[in-house]
Amino acid sequence: MSEERGKGATILATLRSRISSGEYRPGYHLPAQRALAEEFEVSRDTIQRVLEELRTEGWIESRQGSGSKVRVTLPIHVATQPKVPPRRIALGPFVARAFAQPVVELDVFTFTSESLDTHIRVQADGIRNGQIPAPGRIALRILLPSESTELPYPRARVPGDSTADVKELDRILQARTREIIQRHAASLRDALRNLKTDGLVPDVELMVREVPLVPTHKLYLRPGVEGLIGPYQIVERRILMEDDTEIDAWDVLGLGSTLIRLVHDEGDPNAVGSVFMQSWQEWFDSCWRRYDLP
């Protein structure tokens, strides 16, 4: 087996993290393939596969002769309200606004919590490094698909192969997705609990509840303040596995979704943002109570 087997997924996660944290800013050109290959001690073929994955996921764009650069911040269409003009924002600023408060409250329904994990860790590092003030309390509630719920995606896209072969590929893809869900839930727990253990945030509560539902939309709520909601995109893409093999599949991607920002208007409970905020918050709370199982 090649000495590089398994390195591709690690490099992919590292480059995603650098983009999400702002180390590679929007419009920033990534290092040349040769430089990346030398840094990670892999072949340029491996780097090319990783960059292709990043392109497929919407992190970067490439032009022949110009290399690869980080795409501009993805747009979020704001709910139509005269007080809230449209602007180009993403999940990162939303999480940052939550962590700028004395009490951080977030309610989330998502497929894997991968994006959330990245941005929560950015804020946790900022608290640890003294770059942002430490809140007095962090309360995070997350709804995730239960282990017993069959995931509709990802699914292998292998025309002409036998049903048995496709089922085996589906099983491999499903196992990978389950591992991603578990890994990022555990990562979130570690990031937040360490803030409390190290005496940086006195009160931390992370609650993860599994529900027999698969989200068609990602939902982020700051109760009574604002929210983000957007559909997962169904895409045809090549998935890079831990052993550097690749599987053509139908999958869902949250990155690049058109997100709608809902803003609660305290002065007008009948405003569009207020009504939608209340509706989604009631939906989340009802799910949370309904699946409060031992």
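Student: How are α4 and α5 oriented to each other in this predicted model?

Tutor: Start with the general idea: a pair of packed helices is described by two values, the angle between the axes and the distance between them. Here, helix α4 (residues 91–99) packs on helix α5 (residues 114–128) at about 45°, and their axes are 10 Å apart. Angles under 35 degrees would be roughly parallel and 65 to 115 roughly perpendicular, so α4 and α5 count as oblique to each other.

Student: Which handedness does the crossing of α4 and α5 have, left or right?

Tutor: The crossing is right-handed.

Student: And which residues of α4 and α5 meet?

Tutor: On the α4 side you'll find L91, G92, V95, A96 and F99. Their partners in α5 are S115, L116, H119, I120, Q123 and I127. Sort the residues of this contact by type and you get seven nonpolar, four polar and no charged.

Student: Let's move to the strands. In what order do they sit in the open sheet?

Tutor: The general idea first: strands in a sheet pair through backbone hydrogen bonds, in a parallel or an antiparallel way. In this model, three strands make an open sheet with the order β6-β11-β10, and the pairing is antiparallel. β6 and β10 are the edge strands, each pairing on one side only.

Student: How many bridges join β6 to β11, and over how many do β10 and β11 pair?

Tutor: Two bridges join β6 (residues 155–156) to β11 (residues 246–253). For β10 (residues 233–240) and β11, it's eight bridges.

Student: Which residues stand opposite each other, so to speak, across these pairings?

Tutor: From β6, A156 faces A249 in β11. On the β10 side, I234 stands opposite V252, and V235 stands opposite D251. When you look at neighbours along a strand, keep in mind that side chains in a regular strand alternate between the two faces of the sheet.

Student: What links β10 and β11?

Tutor: They form a hairpin, with five residues between the two strands. Have a look at D244 in that turn: its phi is positive, about 75°.

Student: One last residue, Q174. Is it buried or exposed?

Tutor: The cut-off for buried is under 20% relative accessible area. Q174 has 15% relative accessibility, so it counts as buried. You'll find Q174 in helix α6 (residues 163–197).

Student: What does Q174 touch?

Tutor: Leaving out residues up to four places away in sequence, Q174 touches L151, Y153, P154 and R155. One of these you've met already, in a sense: β6 covers residues 155–156.

Conventions. Residues numbered from 1 in each chain as written. Predicted model: local features only at pLDDT ≥ 70, side-chain atom pairs only at ≥ 80, totals over all residues. Heavy atoms only, no water. Pairing = 2+ DSSP bridges. Helix = DSSP H or I, 4+ residues; strand = E, 2+ residues; numbered from the N terminus. Buried < 20%, exposed > 50% of the residue type's maximum accessible area, 1.4 Å probe, protein only. Contact = heavy atoms within 4.5 Å. Axes fitted to C-alpha atoms, helices over the stretch in contact; angles between N-to-C directions. Parallel < 35°, antiparallel > 145°, perpendicular 65-115°, else oblique. Left-handed = near helix turned anticlockwise from the far one by under 90°. Nonpolar A, V, L, I, M, F, W, Y, C, P; charged D, E, K, R; others polar.
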